[in-house]
Amino acid sequence: MRRQLMLAVVLVLGLVMPAFAQPAGTLVVGLVAEPVNLDPAQVTDLNSNRVGRRVVETLVTFPEEKTEVVPGLAESWTISKDGLQYTFKLRRGITFHDGTSFNASAVKFSIERQINPDHPANKLGKYPFANYFFGNVKAVEPLSDDRVAFLLKEPRASFLAVLTAGAASIVSPTAVMKAGLDYPSAPVGTGPFKFASWDRGQRVVLEKNPKYWKGPVKIERVVYRPIVEDQARLTELLTGQLDLIVGVPADYVTQLESNQKVGLLKQTGVHVWYLGINNQKKPFDDRRVRQALNYAVDKQAIVRDVLKGTGTPSVGPVQPNTWGAEPGLKAYPYDPARAKKLLAEAGYPNGLTTTLWVPESGSGMQAPVAMSTVIQSNLKAVGVNVNMQTMEWGAYLAKLRSKEQELFALSWMAGMEDPDMVMYPLLHSSQWTPNGPNRALYKNDKFDQLLTEARHTTDQAKRATLYKQAQKILIEDAPWIFIDHEVQIAAFAKRVQGFKLHPSFDLRVETISLK
Amino acid sequence: VSRFLVRRLLLLVPVLMGVSVIVFLVLHLAPGDPAEIMLGSQATQADRMRLRADLGLDDPLYVQYARWMGHVVQGDLGRSLWMRRPVLGEVLTRLKATLLLTATALVISSIGGVALGILSATRPNSLLDRTSAVASLFGASMPVFWLGIVLMVIFSLNLGWLPASGMYAPYGGGDLADLAKHLVLPAVTLAGASITIVARLTRAAMLEVLGQDFIRTARAKGLVERSVVVRHALKNALVPIVTVIGVQAGYLLGGAVLTETVFAWPGVGTLMVQGILARDIPLVQGCVLVVALTFVLVNLTVDLLYAVLDPRIRYE
């Protein structure tokens, strides 16, 4: 009896004793969902990428906080005059975490496994980006151990930006072939962290790569924990069980801003949230109607009251910090009177009735239903009666291929800041749905021509000029109602030093040191 | 008994078949294309068509079902579309966590509920009885996630006594004390609603038994009250109590989905939610099948318990 009592006391004490702080050198990150697959070439979700991209690296990359392309695993490159051949000189002496060497054939393997159906590793995964990113790649040819050439079918000036994508990461061919279908659970690359373990539903642990080519990594390991419930994630941060969380819900931002225990970082990501308009369907084929819709919506109110500062109003599709963004663009002001006048001019003095499709949730969709509800009431105020239909994300994407949409809410995360990566897929007429992502069915010959020309020009300054002209056309044409760019918010414990957010939504914990 | 057992176990087959057909149909008839979700918004129509063909989604439903069933009977639940990992292994790993959580919650609600019920029954209309009646109404109508968050805010955020999520400390830890600490909040949350149901039913059953003649006889022959209540009354009230506890076991298994999500408990529930959101059909099918099997086995155990508790019940 006495022993049982003792045991009970010990247990109770164990339960109420304050939790110990994390071991030194271990960074604990709270994710909003569990990664599903750690091979960045196989997944489209942010959480998988945020973890997977610590293990593997790309030939070219973006520097901290900035977006011009800089050397990564390749130390330099040349582009042929016709823009069809990109030749990379690889860094020497780098090894994968499994000890095999990084070389030109590994580059060939990493890309060709995705695009060549006869490749031995092609059937080992589903590669969602194969066509979108590498559909234009004819072959990847090693010229020597440390030189490799990408041969393209058509010139594409944003190809370097494409090679910064997670899907363009270089993997260890030995590891892929050895692990087969199980490779995504234990990835092997050259990155700052090595994969260590994955307890399903609980944590993914990465250990530092002691031989990292860029220099020593300052933390010993990173532990990623999936915590879906916002309140739980926040509680764990505030009680010191987590060091860093991203995707802080809008409702908690003010509460965290005044909290002494945590720091907060904000940054506008390469993202755009728009209300698409079917440009081919009456009455939206009339530019005045589309402009009227833009005047009718109060974006400032959406950003302020619905997104609570987790978004910044957008003027066009291109994020303002991007090198090709036109600085002189003027946003459509909130002007219901002007909207009514334009509608009357277009022949709708008594307004009109239309349908708005909205997904319940979805990657990058912020608060789709709440945002759309505000838009709906804004439009009603100028006489546009909107029937809102909400749908499940997968069903919604499938339905948008029907071309029957009138108005629809959608967003885009390019993942890299190149105007081509936003404007071309979303607005070039060759990209009309169902084949491409131009779901607004927008077509303007002059705009198409500018974008195509920019794609074929390797001179960056000239490209910028062309993109700026294209953006002016867009503002005039108003193919969408421009709404916002997402502002990503991270909260972190005070012991976290040197953390920076990247506009690509990547989570580069390798820059962190712990106090 | 062995013949009864064999018959019941054989009945498992049609039950599980039925469950699998329903789950299969619901998943395929619900809107949402797994290929669209896997590929994201930049996919071309060609990408989508290729992936659909690859996943066999274009075949008639009965062909898809037969193909899946053909693997299932060989013990192969297939691979998850997203994770690319064998479903059976994933589900079994997670099932352990779910069973631990459910069993703990069941123990809490049985012991707590029976104790509360007895106390109420022996002091009808006392303050305790009335408080417990109000608490029951509250408990039964309170959503699990709400209770979970309230407990989390009080015990983790404000008092700092207990961790808010997960099964073990993020790094290090891993021993029994660590596990117990993490188990308290989710288990109490999950037990919250069923403890009140068990208490109300125990009270009713006890009141009925306590009013019977043999209780008066027991008291008349001078037995101490404790012995009357526990030995004589409770034993006779046990069959309905065990029935409701059995029902609660199933309820807790289902309720675990929400509790697990709130507390990031790595069980089948969180896995299933993840699978449903991603329209990961093989994964969801595997989860449901394993949970259904567990549920049926729990029911069978309860049925067998009746015979142990009440010698008048015999299975042929």
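Residues count as buried when their relative accessible area is under 20%, and by this criterion buried residues make up 60% of the 515 residues in chain A of this predicted model.

**View 1. Overall dimensions of chain A in the predicted model.** Chain A contains 16 helices and 20 strands, and its C-alpha atoms fill a box of roughly 85 × 70 × 35 Å along the principal axes. The radius of gyration of chain A is 25 Å, which agrees with the value near 24 Å for a compact globule of 515 residues. Of the contacts in chain A that join residues at least 6 apart in sequence, 69% are between residues at least 24 apart. Chain A exposes about 19,700 Å², of which carbon and sulfur atoms supply 53%.

**View 2. Salt bridges that involve helix 7 of chain A.** The side chains of Glu236(A) and Arg225(A) meet in a salt bridge with an N to O distance of 3.3 Å. This pair links distant parts of the chain, with Glu236(A) in helix 7 (residues 230–238) and Arg225(A) in strand 10 (residues 221–226), 11 residues apart. Glu236(A) is buried at 1% relative accessibility, and Arg225(A) is likewise buried, with a relative accessible area of 5%. Within helix 7, Arg233(A) and Asp230(A) are 3 residues apart and therefore separated by about one helical turn, and their side chains form a salt bridge at 2.8 Å, N to O. Arg233(A) counts as buried at 1% relative accessibility, whereas Asp230(A) is partly exposed at 30%.

**View 3. The salt bridge between Glu257(A) and Lys266(A).** The closest N and O atoms of this pair are 3.3 Å apart. Glu257(A) is partly exposed, with a relative accessible area of 46%, and Lys266(A) is also partly exposed, at 41% relative accessibility.

**View 4. The interface of chain A with chain B.** Here 62 residues of chain A are in contact with 52 residues of chain B, and the two chains bury about 4,800 Å² between them, 57% of it on carbon and sulfur atoms. The count between the two chains is 6 salt bridges, whereas a search of the whole structure finds 45 over all chains. Glu392(A) forms a salt bridge with Arg279(B), in which the closest N and O atoms are 3.8 Å apart. A network of salt bridges links Arg401(A) with Asp33(B), Glu36(B), Arg48(B), Arg52(B) and Asp58(B).

**View 5. A nonpolar surface patch on chain B.** Leu5(B), Leu9(B), Leu293(B) and Leu297(B) make a patch of about 280 Å², to which helix 1 (2–29) and helix 12 (281–309) of chain B each give two or more residues. Leu5(B) lies in helix 1 and is partly exposed, with a relative accessible area of 30%.

Conventions. Residues are numbered from 1 along each chain as its sequence is written. Chains are lettered from A and ligands numbered from 1 in the order in which they are written. This is a predicted model: local features need pLDDT of at least 70, side-chain atom pairs count only at pLDDT 80 or more; totals for chains, interfaces and linings use all residues. Side-chain values use heavy atoms; hydrogens and water are left out. Patches are made of residues with over 30% relative accessible area and no salt bridge: like charges are joined within 9 Å, nonpolar side chains (Val, Leu, Ile, Met, Phe, Trp, Tyr) within 5 Å. Accessible areas come from the Shrake-Rupley method with a 1.4 Å probe; for residues, only the protein chains shown count as cover. A salt bridge is a side-chain nitrogen of Lys or Arg within 4 Å of a carboxyl oxygen of Asp or Glu. Helices (H or I, at least four residues) and strands (E, at least two) are DSSP runs, numbered from the N terminus. Buried means under 20% relative accessible area, exposed over 50%, partly exposed in between (1.4 Å probe, protein chains only). The radius of gyration is taken over C-alpha atoms; the globule rule is 2.2 Å times the number of residues to the power 0.38. Contact means heavy atoms within 4.5 Å. Buried area is the accessible area (1.4 Å probe) that two parts lose on being put together, summed over both.
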